[in-house]
Amino acid sequence: MIVHLVDGTYELYRQHYGQAVRSSTPAPNAATIGVLNSTMQLLTEGATYIGVASDHVIESFRNDLWAGYKTSEGMEPEILGQIPIMEEALRAMGVTVWPMVEYEADDALASAAAVADADARVTQVQILSPDKDLGQCVKGTRVVQIDRRKMGKGENGLVDEAAVLEKFGVPPSGIADYLGLVGDTADGFPGLTGWGAKSAASVLARYGRIEDIPDAGGQWDVPGLRGAAKLATVLSENRDLAYLFRRIATTVNDVPVGKVDDWHWTGPTPEFADFCADLGIPRLAEKAAGLARSRGR
């Protein structure tokens, strides 16, 4: 049994910009239609247990931790306005949806991944998102990320534990510490001055956790690292800030998402046909109903 966990907010962005490339005047709710089609593709390819997480409200508890954390301000209104439409359409399709308010979509995905990983029936958990935050959820080849953009270009797109280590220089367990040092501009927190990807990876590869890094650069045993003294000074003077950024980067894994059996797709609801008619895609409703019938639903 493979469990598919979809980052709905990212998928909405992906579909929005894909439509913008294909058409100078995309149809209303084009991104939502794209999400429905891509979800139907997953189901057609054999997905049976599927959940979609969305940022129903862009702001979360992390905005209370750091004033500069990402908000909905400046977000494309075409995307922001489609979030609730996408959620409602997916529910009508019969797909489990986790609309996040206090938490973020990443937190729901991390929580669902933990639930699925603990289920002995599950052979693999696929998190369909390239978000580097979610690298901390990866576990061997059992819990992996899938970058659907790369798959569409003929590339593998699969990120397992070895791929996380190769890309970031730290294992999944070190991703939050890594981001605590280097920051994440996409999420709106800067990291520590002077700390970059190479220095953070080198130091964390040696010490593992931020709290285990010595204060004095002269105590560091990191061969080939340049500017150790300066980096050590920045860290010793801003260690609490690094801890804060690490907390912001750490996904929450106990958001209520139900259990694996709750995510079993058994076909669209009766409302889905009307929803598709309103969106101008009646054939999608027929396709979903036909797939459900083929599965004995």
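Which helices do the buried residues of α9 pack against? Hold that thought while I set the scene.

What you see is a predicted model. The secondary structure comes to 14 helices and 6 strands. The radius of gyration is 21 Å, and the globule rule gives 19 Å for 297 residues, so the protein is as compact as a globular protein of that length. Along the principal axes, the C-alpha atoms fill a box of roughly 70 × 45 × 35 Å.

Next, burial and contacts. Of the 297 residues, 51% count as buried. Take contacts between residues at least 6 apart in sequence: 68% of them join residues at least 24 apart. The exposed area is about 13900 Å², and carbon and sulfur atoms supply 51% of it. On charge, there are 28 positive and 40 negative side chains. The centres of those two sets lie 6 Å apart.

Now the sheet. It is an open sheet of 6 strands with mixed pairing. Read across, the order is β3-β2-β1-β4-β5-β6. Which strands stand at the edges? They are β3, residues 96–100, and β6, residues 158–159. Each has a single partner strand, so one side of each is left without a neighbour in the sheet.

Look at β1, residues 2–7. This strand is mostly covered, with 5 of its 6 residues buried. In the sheet order, β1 sits between β2 and β4. To β4, residues 124–128, β1 pairs in the parallel sense over 5 bridges. To β2, residues 49–55, β1 is also joined by 5 bridges, and those two strands run parallel.

Let me pin that down with residues. V6 stands opposite L128 in β4. In β2, the bridge partner of V6 is V52. So much for V6. Take H4 as well: in β4, the bridge partner of H4 is Q126. As a general reminder, side chains in a regular strand alternate between the two faces of the sheet.

From the strand, move on to helix α1, residues 8–22. H16 has its place there. Is H16 buried or exposed? Its relative accessibility is 16%, and the cut-off for buried is under 20%, so H16 counts as buried. Leaving out residues up to four places away in sequence, H16 touches A31, E78 and I79.

Back to α9 and the opening question. This helix spans residues 175–182. It is mostly covered: 8 of its 8 residues are buried. By name, they are I175, A176, D177, Y178, L179, G180, L181 and V182. What do they pack against? The partners are α8 (161–168), α10, α11 (228–237) and α12 (239–249).

How does the chain leave α9? Just after the helix, G183 takes a positive phi of about 80°. Then comes the loop between α9 and α10, the latter being residues 197–207. A186 has its place in that loop. At 59% relative accessibility, A186 counts as exposed. Compare H16 in α1, which counts as buried at 16%.

One distance to finish on A186. How far apart in space are A186 and A116? They are 28 Å apart, C-alpha to C-alpha, and 70 residues apart in sequence.

To recap. The sheet is open, mixed and 6 strands wide. β1 pairs in parallel with β4 and with β2. Helix α9 has 8 of its 8 residues buried, and they pack against α8, α10, α11 and α12.

Note on methods:
Residues are numbered from 1 along each chain as its sequence is written. Side-chain values use heavy atoms; hydrogens and water are left out. Helices (H or I, at least four residues) and strands (E, at least two) are DSSP runs, numbered from the N terminus. The radius of gyration is taken over C-alpha atoms; the globule rule is 2.2 Å times the number of residues to the power 0.38. Buried means under 20% relative accessible area, exposed over 50%, partly exposed in between (1.4 Å probe, protein chains only). Contact means heavy atoms within 4.5 Å. Accessible areas come from the Shrake-Rupley method with a 1.4 Å probe; for residues, only the protein chains shown count as cover. Lys and Arg count as positive and Asp and Glu as negative; His and the chain ends are not counted. The place of a charge is taken as NZ of Lys, CZ of Arg, CG of Asp or CD of Glu. Two strands pair if DSSP finds at least two bridges between them.
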